[in-house]
Amino acid sequence: MEEDFKSMKDLFCANGDGLAMDLIDKFSTTVRGVLPLFSTDTESLIDRFKGMTLEAYGSSAKSRLPLPPTSGQWNGMDPNTLLRVLCYRNDESATRFLKKTYNLPKKL
């Protein structure tokens with residue numbers, strides 16, 4: 001994914017005929033912050049998601065994790081972003097967690 005992202009940035013630069021590289025770098029900061037989540041193992045993402053959710057909702061979330069609000073922004077420190085990354089995963093651990101916690105179907 002890192003390599004694909006670099007290739008996309010190069011396309012926007014277009015060997016100097018496209019956008020300025022500083023402009024491309026400015027608008028790609030969000031992607032750089034979220035991209036590592038896609039290479040993080042599922043169990044770590046689940047643990048991080050649970051921790052952030054418990055921190056945000058306190059003891060009321062211990063019995064059932066609430067769905068985090070949708071901010072509309074991707075951020076590596078946002079529980080909703082972590083949940084979205086888990087939804088994109090195609091592995092058994094993520095599917096089992098989503099089904100057990102939120103009764104989400106296997107395919108979204």
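Among the elements of this predicted model, helix 1 (residues 2-13) has the lowest mean pLDDT, at 89, and helix 5 has the highest, at 93. For the chain as a whole, the mean pLDDT is 88, and 93% of the residues reach 70 or more.

Helix 1 is a suitable place to begin. Its twelve residues should span 16 Å at 1.5 Å a residue, and the C-alpha atoms at its ends are 17 Å apart, which agrees with that expectation. Phe5, Lys9 and Cys13 are the buried residues of helix 1. Viewed down the axis of helix 1, these buried residues fall within an arc of 85°, so they line one face of the helix. An α-helix has 3.6 residues a turn, so residues three or four places apart point the same way. On the other side of helix 1, Glu3, Asp4 and Leu11 are exposed. The cover over the buried residues of helix 1 includes helix 2 and helix 3.

Just after helix 1, the backbone of alanine 14 takes a positive phi of about 50°, and this positive value occurs in a residue other than glycine. Alanine 14 is placed in the loop between helix 1 and helix 2. Its relative accessibility is 32%; because buried means under 20% and exposed over 50%, alanine 14 counts as partly exposed.

Beyond that loop, helix 2 comprises residues 21-27 and contains lysine 26. Lysine 26 has a relative accessibility of 56% and therefore counts as exposed. The C-alpha atom of lysine 26 is separated by 19 Å from that of methionine 77, a residue 51 residues apart from lysine 26 along the chain.

Serine 28 lies in the loop between helix 2 and helix 3 (29-34). With a relative accessible area of 4%, serine 28 is buried. The side chain of serine 28 is joined to that of arginine 32 by a polar contact of 2.8 Å. Leaving out residues up to four places away in sequence, serine 28 touches Phe5 and Lys9, and both Phe5 and Lys9 are among the buried residues of helix 1.

The description now turns to the nonpolar interior. The largest nonpolar core has 15 residues, and those with the most contacts inside it are Leu37, Leu45, Phe49, Leu82, Leu86 and Phe97. Helix 4 (42-57), helix 5 (79-88) and helix 6 (92-102) are the elements that give two or more residues to this core. Leucine 86 gives a local view of the packing: apart from its neighbours within four places in sequence, it is in contact with Thr42, Leu45, Ile46, Ala94, Phe97 and Leu98.

Helix 4 has 16 residues and extends 22 Å from its first C-alpha to its last, close to the 22 Å expected at 1.5 Å a residue. Within helix 4, the buried residues are Thr42, Leu45, Ile46, Phe49, Met52 and Thr53. Seen down the axis of helix 4, they fall within an arc of 135°, so they line one face of the helix. The buried residues of helix 4 pack against helix 5 and helix 6, whereas Asp47 and Glu55, on the other side of helix 4, are exposed. Just after helix 4, glycine 58 takes a positive phi of about 70°.

Helix 6 also has a buried side. Ala94, Thr95, Phe97, Leu98, Thr101 and Tyr102 are its buried residues. These residues cover an arc of only 165° around the axis, which puts them on the same side of helix 6. Helix 4 and helix 5 are included in what covers the buried residues of helix 6. Three of these residues, Ala94, Phe97 and Leu98, appear in the contacts of leucine 86.

Both ends of helix 6 carry a local feature. At the N-terminal end, aspartate 91 caps helix 6, with a side-chain oxygen 3.3 Å from the backbone nitrogen of serine 93. Just after helix 6, asparagine 103 takes a positive phi of about 55°.

Definitions and conventions
Residues numbered from 1 in each chain as written. Predicted model: local features only at pLDDT ≥ 70, side-chain atom pairs only at ≥ 80, totals over all residues. Heavy atoms only, no water. Helix = DSSP H or I, 4+ residues; strand = E, 2+ residues; numbered from the N terminus. Buried < 20%, exposed > 50% of the residue type's maximum accessible area, 1.4 Å probe, protein only. Core = buried A, V, L, I, M, F, W, Y, C linked by side-chain atoms within 4.5 Å. Contact = heavy atoms within 4.5 Å. pLDDT = per-residue confidence, 0-100. Expected span 1.5 Å × (residues − 1). Arc of directions from axis to C-beta. Polar contact = N/O pair within 3.5 Å; in protein donor to acceptor, adjacent residues only side chain to side chain.
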